[in-house]
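I'm opening my notebook on this one to jot down what I look up. Charges and empty spaces are on my list.

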Amino acid sequence: MSLSKLILNSPIIGDVAKKVASFKVNHDAGNIAEHFTKFLKPQYASTNSLRNEVFKIRHNVYCEELAFENQKDNGMEMDEFDPHSIFALIKHKPTNNYTSCVRIVLSSNDDELLPIEKYCYHAIQNKDYDPKKFKRSEIGEISRLAVKADFRRRKSDRFKGSAIGAISETNYSESELRCFPFIAIGLYMIACNLVIEKGVKHAFVMMEPRLARSMKFVGIKFVQIGEPIEYHGLRAPYYINPEIFLENLSSGFKSLFKEIQKDIHTQL
């Protein structure tokens, strides 16, 4: 399997790129928030213990499953950007297991680069969105999004390194199974909420273009600011800010965002 196909079937994207278009016309769209909050809980990683859960999920996905990074003896994947980042997870309420994680890399000075600045700066072709044009305290990057294999619907032979099979109907209810494809959407909503809470006015992300197109169906509109490049698969640089996010979010997912916003706000 090519690396680009691997990315399409990877836990970074999950099933969103393949399924989210149907949610736009789904008659259950109004119940999205209800489904999500019944089984899943956004969690701001405010303690060392919670941050370690983030690093464990990242190791499971980025090191063990996808082999993007070398495996670590302590079972936690960390990098140079973590010291100036904030993190969040999504918990599966019935089991108290963490399903997924995301981080927002922040910058307070010129020495604290965003990953996109260090590794993909050449990919930013629209210089109106050059991170260096903005105040360091007002930029951030959404990165290291990962969803554990337990919470994805896919067969174990569809991508390299997966040791866990498809979700078992006997382990999860039908309502839970319908809810799981929203995990990746929920992670981006949590990230956007933290961006707003932390006063970040300009956010960046390196994303597979198909996922960005799919996100438009729910109103999460990322502005593409350069052509795709090879970076752990085919990815392009994107930009979003709070105004773009809030103006374009569809009604069904606005309800979900409000629930996430309320939950996260009480944790900060």
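**Entry 1: a charged patch**

I started with Lys216, which sits in the loop between α8 (209-215) and β6 (223-224). One thing to keep in mind as I go: this is a predicted model. Next I checked which patch Lys216 belongs to, and found that Lys216 forms a positive surface patch together with Arg210, Arg213 and Lys221.

**Entry 2: the largest pocket**

How much space lies in the largest pocket? I got about 420 Å³. Then I looked up the lining, and 28 residues make up the wall of this pocket. Nearest the centre I noted Ser143, Arg144, Tyr231, His232 and Arg235.

I also wanted to know where the lining comes from. Three elements, α5 (115-119), β4 (139-147) and β5 (202-207), each give at least two residues to the lining of the largest pocket. Which of them has the largest share? That's β4, with five residues.

**Entry 3: salt bridges**

Arg144 had caught my eye in the pocket, so to speak, and I met this residue again when I went through the salt bridges. My search of the whole structure gave 13 salt bridges. One of them pairs Arg144 with Glu69, and their closest N and O atoms are 3.2 Å apart. This pair links distant parts of the chain: Glu69 is in the loop between α4 (48-65) and β2 (85-92), while Arg144 is in strand β4, 75 residues apart.

**Entry 4: closed spaces**

How many cavities of 30 Å³ or more does the structure hold? I counted two. I took a look at the second largest cavity, which has a volume of about 40 Å³. Its lining is Cys192, Val195, Ile196, Ala203, Ile240, Asn241, Pro242 and Phe245.

Both α7 (183-197) and α9 (242-248) supply at least two residues of that lining. I noted that α7 gives the most, with three residues.

Note on methods:
Residues numbered from 1 in each chain as written. Predicted model: local features only at pLDDT ≥ 70, side-chain atom pairs only at ≥ 80, totals over all residues. Heavy atoms only, no water. Patch = residues over 30% accessible without salt bridge, like charges linked within 9 Å, V, L, I, M, F, W, Y side chains within 5 Å. Areas by Shrake-Rupley, 256 points an atom, 1.4 Å probe, with all protein chains shown as cover. Salt bridge = Lys/Arg side-chain N within 4 Å of Asp/Glu carboxyl O. Lys, Arg positive; Asp, Glu negative; His and termini not counted. Charge placed at Lys NZ, Arg CZ, Asp CG, Glu CD. Helix = DSSP H or I, 4+ residues; strand = E, 2+ residues; numbered from the N terminus. 1 Å grid on protein atoms, 1.4 Å probe; cavity = no way out; pocket = protein on both sides within 12 Å on 5 of 7 lines; lining within 4 Å. Points joined across faces, edges and corners; volume = space filled by probe spheres on them.
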